[in-house]
Amino acid sequence: MPRAWERVETLNDTHNIEDFSCGRTTVDDWLHEKSRANSHSVTTHVCLDGQLVNAFFALKTIIVSVDGFSNRLRRGSNEEGYAAGILLCQMGVGVDHHGHGHGKALLRAAMQMAAEVHNRSPHQLLVIDAADESLVDWYAKAGFALVPGTRRLVMPMAAVVKALRPA
């Protein structure tokens with residue numbers, strides 16, 4: 001698999017994101033119109049080849065109700081049934097890079113960044129709200145557990161850290 005990017009950086013004003021397209025209008029619109037405006041609550045990371053943005057992901061801290069979760073997923077929650085989570089709220093690979101496994105590499109980069117955040121300030125869960133049903137299966141294959149009756153998937157941060165260890 002050829003690399004789609006050489007480095008990952010936190011989005012700043014020097015990055016040209018206007019030409020980026022992953023082919024999903026809602027994701028592209030979020031990056032172009034909201035990523036910088038929401039920088040106070042969401043950290044967007046761009047994946048660069050030279051100065052070209054080839055992919056991106058965005059993370060934010062959330063509080064998650066774990067009501068109805070399995071005991072494994074509830075571990076670390078407070079008495080009221082809430083846990084600190086890191087939400088992977090947006091993610092996209094440029095259309096020129098589809099079909100080469102770069103989505104998996106991007107998810108791994110997002111998990112790595114979430115693990116780094118977790119190391120500085122512990123969180124219990126990595127959370128993803130899948131945009132559609134096809135993505136539910138894709139995230140489930142990556143090890144995320146589906147919350148019944150939703151398109152929300154979660155993975156304990158301990159499992160994220162473990163998944164990132166070299167084989």
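**View A. Surroundings of the His123 side chain in the predicted model.** A polar atom of the His123 side chain lies 2.6 Å from the backbone oxygen of Ser121, and the side chain of His123 also makes a polar contact, at 3.5 Å, with the side chain of Thr61. His123 itself is placed in the loop between helix H3 and strand S5. With a relative accessibility of 7%, His123 counts as buried, because the cut-off for that class is under 20%. Leaving aside residues up to four places away in sequence, His123 touches Thr61, Ala84, Gly85, Ile86, Val117, His118 and Met157.

**View B. The open sheet and its two edge strands.** Seen as a whole, the open sheet has 7 strands with mixed pairing, in the order S1-S2-S3-S4-S5-S7-S6. Strand S1 (residues 7-10) and strand S6 (residues 145-146) stand at the edges, and each has a single partner strand, so that one side of each is left without a neighbour in the sheet. At the S6 edge, strands S6 and S7 (residues 152-156) run antiparallel and are joined by 2 bridges, and Leu146 has Leu153 in S7 as its bridge partner.

**View C. Helix H3 against the sheet.** Helix H3, which spans residues 102-120, packs on the sheet and touches strands S2 (43-49), S3 (52-65), S4 (82-93), S5 (125-129) and S7. The direction of helix H3 makes about 145° with that of strand S4.

**View D. Edge-to-face pairing of Phe20 and Phe56.** The structure holds 4 aromatic pairs, and one of them is formed by Phe20 and Phe56, whose ring centres are 5.6 Å apart and whose planes stand at 90°, so the pair is edge-to-face. Because Phe20 lies in the loop between strand S1 and helix H1 (25-34) while Phe56 lies in strand S3, this pair ties together parts that are 36 residues apart in sequence. Both Phe20 and Phe56 are buried.

**View E. Stacking of Trp30 on Phe56, and the ring cluster.** The ring centres of Trp30 and Phe56 are 6.2 Å apart and their planes are at 10°, so this pair is stacked. The pair links distant parts of the chain, with Trp30 in helix H1 and Phe56 in strand S3, 26 residues apart. Trp30, like Phe56, is buried. Ring pairs link Phe20, Trp30 and Phe56 into a cluster.

Key. Residues numbered from 1 in each chain as written. Predicted model: local features only at pLDDT ≥ 70, side-chain atom pairs only at ≥ 80, totals over all residues. Heavy atoms only, no water. Pairing = 2+ DSSP bridges. Helix = DSSP H or I, 4+ residues; strand = E, 2+ residues; numbered from the N terminus. Contact = heavy atoms within 4.5 Å. Axes fitted to C-alpha atoms, helices over the stretch in contact; angles between N-to-C directions. Buried < 20%, exposed > 50% of the residue type's maximum accessible area, 1.4 Å probe, protein only. Polar contact = N/O pair within 3.5 Å; in protein donor to acceptor, adjacent residues only side chain to side chain. Phe/Tyr/Trp six-rings, centres within 6.5 Å; stacked < 30°, edge-to-face > 60°.
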